Amino acid sequence: MLKPLEATQLDSKVKAFEIELRKSVRGDLYTDEMSRGLYATDASIYQMFPVAVFLPLDEEDVKTAVKIAFEHRIPILPRGGGTSLGGQTVGAALVLDFSKYMNKLLELNVDECWVRVQPGIVRDELNVMLADHGLHLSIDPATANRANVGGMIGNNSSGTKSIIYGKMVDQVIEAKVLLANGEVMEYKELSPEEYEEKKKGDTREALIYTEFQKIVRDNREEIERRYPKILRRVQGYNLDEFHKSKRWNLAKLITGSEGTLITLLEAKVKVQPVPKEKILCVAHYADLIESIKAVPWIVKHQPSAVEILTGGVIKLARDNHNLAPLCSFIEGSPAAVLIVEFFGDDKEELLQHAKEMAKDLTGKELGYNYPIFSDAEDQERIWTVRKNS
């Protein structure tokens, strides 16, 4: 196994790496200080200059770049839209940016509700393509208008509808991936018999399937005991997807792995029918803890989303010239508001759900105001404030 280079060794290797890479690839390669500076930050507070930035033209370009990086012992960092808040997309590595060229919808199956996409496609742009078919990728992080689907798989995105749709790990069906040594693998759900077949031989693929199975089996009790039993756990490798299931899919493992295991080339993911009607209720609270206590009661009414705006965020929104005109839905100076959404096909039924929830919260003295919004423009205004928060 190759060992990481020391910083001084890495510096001495960079020039030779750049020369070979530049003569071998067809996409856009940037090694100048200004371009590297643009990729030295993401939405986090961290800053780290990459060795080089490469925008591959196609799959063969990715394979070539990764092969050369492997030979020169240069780390590889697949990057999404740069919206990560924890510094996941910065590092002293060859940064692979798929957003310019590898951003295509490759296949759509309307009857079975799935798409096959390249990693650089933006979530909202994908949904524009799906709109005429009445479908959408339901995972909706606040950065959906710029988040790449590959990045959403990398960090196991969830979003406002996670209470209904879960996370990206629940949407990924198959993944075509590239290992650091240049080997391509295709992950999909396997029966126990099919999984055993994958373990045969002395290939890198067989070794991965064998060793991963050993990790899960040797740590089954620890996984069950230590992994948090919460809806939106996105940190760490998804070993809890395997310790009880008999049909394993390694696409579930690489989801949330933040580019530490593979480089994603293609993904097949589920899409869902777009709900016809939506209703919002904005529950106001004078106390933050009170708003948290209200959530279990809210969930009993089967909403599609429950999102919070805290008092500090509300103040910042009201002080912002662009957002202030959109904040009229907030009454008084609450310590928090909970934006509760109901969706479905029958608007009157949804309205009744919202009213019953408001009545329930009033009876339990959880909150002081519960305005209901059925107009699409009002709802868009509310969600705009939430996304900008």
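I take a charge to sit over a ring if NZ of Lys or CZ of Arg is within 6 Å of the ring centre and within 35 degrees of the ring normal. With that in hand I looked through this predicted model for such contacts, and I noted that the charged end of lysine 268 sits over the ring of tryptophan 114, 4.1 Å from its centre. I also noted the charged end of lysine 161 over the ring of tryptophan 383, at 5.3 Å from the ring centre.

**Entry: the sheet**

I next looked up the strands β6 and β10, and found that β6 (residues 114–117) pairs with β10 (residues 263–270) in the antiparallel sense over four bridges. Within this pairing I wrote down that arginine 116 stands opposite lysine 268 in β10.

I then followed the sheet as a whole, which is open, has five strands in the order β5-β6-β10-β8-β9, and shows antiparallel pairing. At its edges I found β5 (105–109) and β9 (184–187), each of which has a single partner strand, so one side of each is left without a neighbour in the sheet. For the twist I recorded that neighbouring strands are turned by 10° against each other on average, direction ignored. I also recorded that helix α3 (residues 59–71) packs on this sheet, where the helix touches β8 (172–178), β9 and β10, and that the direction of α3 makes about 140° with that of β10.

**Entry: the aromatic rings**

I searched the whole structure for aromatic pairs and obtained seven. In one of them, the rings of tyrosine 187 and tyrosine 209 have centres 6.3 Å apart and planes at 80°, and because planes over 60 degrees apart count as edge-to-face, I entered the pair as such. I placed tyrosine 187 in strand β9 and tyrosine 209 in helix α8 (residues 204–218), so that this pair links distant parts of the chain, 22 residues apart. Both tyrosine 187 and tyrosine 209 came out as buried.

I went on to phenylalanine 212 and phenylalanine 242, an edge-to-face pair with 4.9 Å from centre to centre and 85° between the planes. Since phenylalanine 212 lies in helix α8 and phenylalanine 242 in the loop between α9 (220–226) and α10 (251–254), I noted that the pair ties together parts that are 30 residues apart in sequence. Phenylalanine 212 counts as buried at 7% relative accessibility, and phenylalanine 242 counts as buried at 1%.

Finally I entered one aromatic cluster, formed by Tyr187, Tyr195, Tyr209, Phe212, Phe242 and Trp248.

Terms used. Residues numbered from 1 in each chain as written. Predicted model: local features only at pLDDT ≥ 70, side-chain atom pairs only at ≥ 80, totals over all residues. Heavy atoms only, no water. Pairing = 2+ DSSP bridges. Helix = DSSP H or I, 4+ residues; strand = E, 2+ residues; numbered from the N terminus. Axes fitted to C-alpha atoms, helices over the stretch in contact; angles between N-to-C directions. Contact = heavy atoms within 4.5 Å. Phe/Tyr/Trp six-rings, centres within 6.5 Å; stacked < 30°, edge-to-face > 60°. Buried < 20%, exposed > 50% of the residue type's maximum accessible area, 1.4 Å probe, protein only.
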